[in-house]
Amino acid sequence: MTTQQTPAPTIDQDRLMAFVFRAVEEVGATLNTALVVLGDELGYYRTLAEHGPLTAAELAERTSTAEPYAREWCHAQAAGGFIELDEASGRFTLPAEHAVALTDPSSPAYLPGLFQIALGTVADAGRLAEAARRGTGVGWHEHGDDVIDGCERFFAPSYQAYLVDAWLPAAELDEDLRRGIRVADIGCGHGASTVLMAQAFPQSRFVGSDYHEPSIEVARRRAEDAGVGANTTFETSLAAEAGGEGFDLVTTFDALHDMGDPDGAARHVNRLLADGGRWLIVEPMAGDAPQDNFNPVGRAYYGFSTLLCTPASLSQEGAAAIGTQAGPARVREIVTGAGFTSCETVATTPFHRVMLARRSG
């Protein structure tokens, strides 16, 4: 008996080489993640923004670093279009627009934290092959400082820019917060969101919670430094075990998709809230269908989902692993399944979707 073999596909050499060069560009982008983190740490971007244009030697002198490192870093950054080289003078310039994204932590376009969390995520990726084979996870607490600190550095500028001035008014929560209500901020991490709300609304009382004790310790220090210790407390707990009752508002910022049991967490949020209470859910920007997310932001979030967020969920009881790009329909399904009467989008940014859920009563 003979078997018919499938004929080998005809290879389009132009298409092959186009892909090869695209792949080389991907490797350059991967290496550039470390170069951006290095440039941020050594002060290269800030120095170019404040004192440029500079030669590599001048940059090295101003940052007290070795000239060969500054020289090769500048060449790599110029090759990638992050800085510009004037061939006549040999000086490098950081364009003003790039300076906003790379040196201004008050801007929602600030990016060093994104590169930092990406670098930490890639550095920790070696353990994932075995986890994928076993169907196990890697917990948030198992990652290094670049992941945990980079996460806050990436998300905090957006919270600073939008939370108080845009998201809370869009959800019609700002007036109640000014009068004074009780708020539980679940999955608060270093407390960036909690502290911002406590500063803006001193008549309200805030309880931040996270299962990661080192992050809670940082949050407590941040609250004291910001002068909001009187109306802010923090506790170490899982989302489904956060304490208290009768809250007027519960918030979760970029946390629901990381949970092992988001359905159980949603039911617990319902129990925490008073009648008529509300739940503000901020999640990474996503559409419902995978192809809705086939864009630069969605691609980055799918990468984090594979390497960071999905393993975090799989490390917990429940292991739901809904993914970073779960989309509003999946979030609404979780929320309404927990007994909330509605869950609607109230605001969006390029990186976030903000949804408001209402408890009956």
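Biologist: Before we look at Tyr162, what do buried, exposed and partly exposed mean here?
Modeller: Happy to start there. Buried stands for under 20% relative accessible area and exposed for over 50%, so whatever lies in between is called partly exposed. This is a predicted model, and Tyr162 has a relative accessibility of 25%. That value falls between the two cut-offs, so Tyr162 is partly exposed.

Biologist: Good, and is Trp167 buried or exposed?
Modeller: The relative accessible area of Trp167 is 1%. Since the cut-off for burial is 20%, Trp167 counts as buried.

Biologist: How do the rings of Tyr162 and Trp167 sit, stacked or edge-to-face?
Modeller: Their centres are 5.8 Å apart, and the planes make an angle of 20 degrees. Planes under 30 degrees apart fall in one class, so this aromatic pair is stacked.

Biologist: What about the rings of Trp279 and Phe340?
Modeller: Here the centres lie 5.5 Å apart and the planes meet at 45 degrees. That angle is neither under 30 nor over 60 degrees, so the pair is tilted.

Biologist: Which parts of the chain does the pair of Trp279 and Phe340 tie together?
Modeller: Both residues are buried. Trp279 belongs to strand β7, residues 273-284. Phe340 sits in the loop between α14 (328-337) and β8 (342-348), so the pair links β7 to that loop, parts 61 residues apart in sequence.

Biologist: How many aromatic pairs are there in the whole structure, and which residues form one aromatic cluster?
Modeller: Searching the whole structure gives 10 aromatic pairs. Tyr162 and Trp167 turn up again in the cluster. Its members are Phe154, Phe155, Tyr159, Tyr162, Trp167, Phe253 and Phe351.

Biologist: Which residue lies over the face of Phe247?
Modeller: The distance to the ring centre of Phe247 is 4.3 Å. A charge has to be within 6 Å of that centre, among other conditions. The residue over the face is Arg182.

Biologist: Turning to the helices, how does α2 lie relative to α5?
Modeller: Helix α2 (residues 44-51) packs against helix α5 (residues 96-103) at about 140 degrees, with the axes 10 Å apart. Tyr45, Arg46 and Ala49 of α2 touch Ala99, Leu102 and Thr103 of α5. The crossing is left-handed. An angle of about 140 degrees is not over 145, nor within 65 to 115, so α2 is oblique to α5.

Biologist: And how does α2 lie relative to α3?
Modeller: The α2 residues Tyr44, Thr47, Leu48 and His51 meet Leu59, Arg62 and Thr63 of α3. The axes come within 10 Å and cross at roughly 110 degrees. That angle belongs to the range of 65 to 115, so α2 is roughly perpendicular to α3.

Biologist: What is the handedness of the crossing where α1 passes α6?
Modeller: The axes of α1 (residues 13-42) and α6 (residues 112-123) come within 9 Å and cross at roughly 125 degrees. The two helices are therefore oblique to each other. Among the residues that meet are Val36 and Val37 in α1 and Phe115 and Leu119 in α6. The crossing is left-handed.

Biologist: How many residues of α10 are buried, and what covers them?
Modeller: In α10 (residues 192-200), 7 of 9 residues are buried. They run through Ala192, Ser193, Thr194, Val195, Leu196, Met197 and Ala198. The elements covering them include α8, β3, β4, α11, β5 and β6.

Conventions:
Residues are numbered from 1 along each chain as its sequence is written. This is a predicted model: local features need pLDDT of at least 70, side-chain atom pairs count only at pLDDT 80 or more; totals for chains, interfaces and linings use all residues. Side-chain values use heavy atoms; hydrogens and water are left out. Rings of Phe, Tyr and Trp (its six-membered ring) pair if their centres lie within 6.5 Å; planes under 30 degrees apart count as stacked, over 60 as edge-to-face and the rest as tilted. Buried means under 20% relative accessible area, exposed over 50%, partly exposed in between (1.4 Å probe, protein chains only). Helices (H or I, at least four residues) and strands (E, at least two) are DSSP runs, numbered from the N terminus. A charge sits over a ring if NZ of Lys or CZ of Arg is within 6 Å of the ring centre and within 35 degrees of the ring normal. Axes are lines fitted to C-alpha atoms, for helices over the stretch in contact, and angles run from 0 to 180 degrees between N-to-C directions. Angles under 35 degrees count as roughly parallel, over 145 as roughly antiparallel, 65 to 115 as roughly perpendicular and the rest as oblique. A crossing is left-handed if the near helix is turned anticlockwise from the far one by less than a right angle, and right-handed if clockwise. Contact means heavy atoms within 4.5 Å.
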